[in-house]
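Subject: Structure handover

Hello,

Here is the structure we talked about. Please open it alongside these notes.

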Amino acid sequence: MKKFTKKLTAASLAVVSALAAGSILAACDNGEQNNKTDFDFYSGPEYVYSVTPEKGEKYEFTGNVTSTVTPDGVTIDGVFDEAFYAGKKWFKGNKVTASGETGTLEMVTHFTKTGIVVAAKIRDSRPAIHSSWVETGNVTCFNGYFAFGDASVQSDGVYEVECTAGNRFKISQFTPNGIKNLDPDLDKTPVSAVKREGDIKAGTCYNYDVEYFMPYSLFGRDSRPAKIFFNPTMISSTLDETGNYIEAARTWYNFGYRQMPNISKWGNPDQGVAFDQDGFICDDITIDAQGGKVEQIYGNVWCISGDTVEFDVKPENGKALASLTVNGADRKADVKNGKLSVYCTGDINIVARFE
């Protein structure tokens, strides 16, 4: 990765999300897409803007926005050392791409008296980049699609929340006319922090931790929710030698749409991944295999009710599948070409024997 030290600024910056109520224009197709819809979920939102570098201007490193909000019960510093984090169930997702690009995203939420804490650990095979003026969704970013658990339709409140590796925070709301950026008063503005490993400006930062606090007042609420929905996304990107965004070098990896498309519907409040006071709401996958391997195709050890989960079934050399049960029921005959599909309605326990 090149060092972005050339002097520049944005003389004109017009960011327009190409989202509509139920459709989107794709920026690029980076993935192994299985089926097309109006929303090309392997590319993610397209941000359209124009920039013109000017002489004499510096490439500035800007981060956190100003806020007068005081989070209760937590210090927002990107360090997850508060007592409430202990015992929480974290979402853990593996980024799996046909190109070999990899990464992991772990996240959890916590509901305080006055707001919601969101914490995430991002590990990427691509170095993080920062820009002061390129749209947040086009630089290295922890992105999520958020709604309260009592929302049933989009008009109840569906939001896109972004915090970049350089600690630029943005929240937007879905509307019938597209996504609208929110510009809250300072007493309702979220507080965010990012703790990085390595130097983001030198291209040596691959790991970063995000922590932010969103007050309930931002959403016109005043009390803890029972649960929320939050569909997590890793955005990996690249800038050219002048700091300009390179469209073809952006990966929008949304775990819901990539790995659970049947239960992650664009723009809906319920996009598959949910959290309550104990953390990630999911069912557990346990596997007992002897003489071979049975592996969830994305390496997940969890599933979400209503989703169809795929497994690879691989015998060791010289062996063949002798038996396979799912929650005690014989499913050997359902293994086709080394693949098994299981509909998640609760915990999944697989026992396989290869002889």
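**Cysteines without a partner**

Cys141 counts as buried because its relative accessibility is 0%. Buried here means under 20% relative accessible area, exposed means over 50%, and partly exposed is in between (1.4 Å probe, protein chains only). The closest cysteine sulfur, in Cys163, is 7.2 Å from that of Cys141, too far for a bond. A disulfide is taken as a pair of cysteine sulfur atoms within 2.5 Å. Cys163 is in no disulfide either. Cys163 is also buried, with a relative accessible area of 0%.

A word on the source. This is a predicted model, where local features need pLDDT of at least 70 and side-chain atom pairs count only at pLDDT 80 or more, while totals for chains, interfaces and linings use all residues. Residues are numbered from 1 along each chain as its sequence is written, and side-chain values use heavy atoms, with hydrogens and water left out.

**The disulfide**

By the sulfur distance rule, the count comes to one disulfide. Cys303 is joined to Cys344, S to S 2.4 Å. The link is right-handed, with 60° about the S-S bond. Cys303 lies in strand β18 (residues 302-303) and Cys344 in the loop between β22 and β23 (348-354), so the pair ties together parts that are 41 residues apart in sequence. Both Cys303 and Cys344 are buried. Strands (E, at least two residues) are DSSP runs, numbered from the N terminus.

**Strand β22**

In a regular strand the side chains alternate between the two faces of the sheet. Strand β22 (residues 339-343) shows such alternation. Leu340 and Val342 point to one face and are buried. Lys339, Ser341 and Tyr343 point to the other face and are not buried. Strand β19 (residues 308-315) runs antiparallel to β22, joined by five bridges. Two strands pair if DSSP finds at least two bridges between them. Phe311 stands opposite Leu340 in β22.

**The five-stranded sheet**

Five strands form an open, antiparallel sheet in the order β3-β4-β5-β11-β10. β3 (91-96) and β10 (191-197) stand at the edges with a single partner strand each, so one side of each is left without a neighbour in the sheet. Neighbouring strands are turned by 15° against each other on average, direction ignored. Angles run from 0 to 180 degrees between N-to-C directions, with axes as lines fitted to C-alpha atoms. β3 and β4 (residues 102-111) run antiparallel and share six bridges. Phe91 stands opposite Met107 in β4.

**Asp209**

Asp209 sits in strand β11. Asp209 is buried, with a relative accessible area of 13%. Its side chain makes a polar contact of 3.0 Å with the side chain of Arg123. A polar contact is a pair of N or O atoms within 3.5 Å; within protein, one must be able to donate a hydrogen and the other to accept it, and residues adjacent in sequence count only if both atoms are side-chain atoms. Leaving out residues up to four places away in sequence, Asp209 touches several residues, among them Gly78, Phe80, Ile122 and Val194. Contact means heavy atoms within 4.5 Å.

**Cores**

The largest nonpolar core has 42 residues, and Phe142, Phe146 and Tyr212 have the most contacts inside it. A nonpolar core is a set of buried Ala, Val, Leu, Ile, Met, Phe, Trp, Tyr and Cys residues joined through side-chain atoms within 4.5 Å. A second, separate core of 17 residues includes Val294, Val309, Phe311 and Val335.

Best wishes

How values were computed. Helix = DSSP H or I, 4+ residues; strand = E, 2+ residues; numbered from the N terminus.
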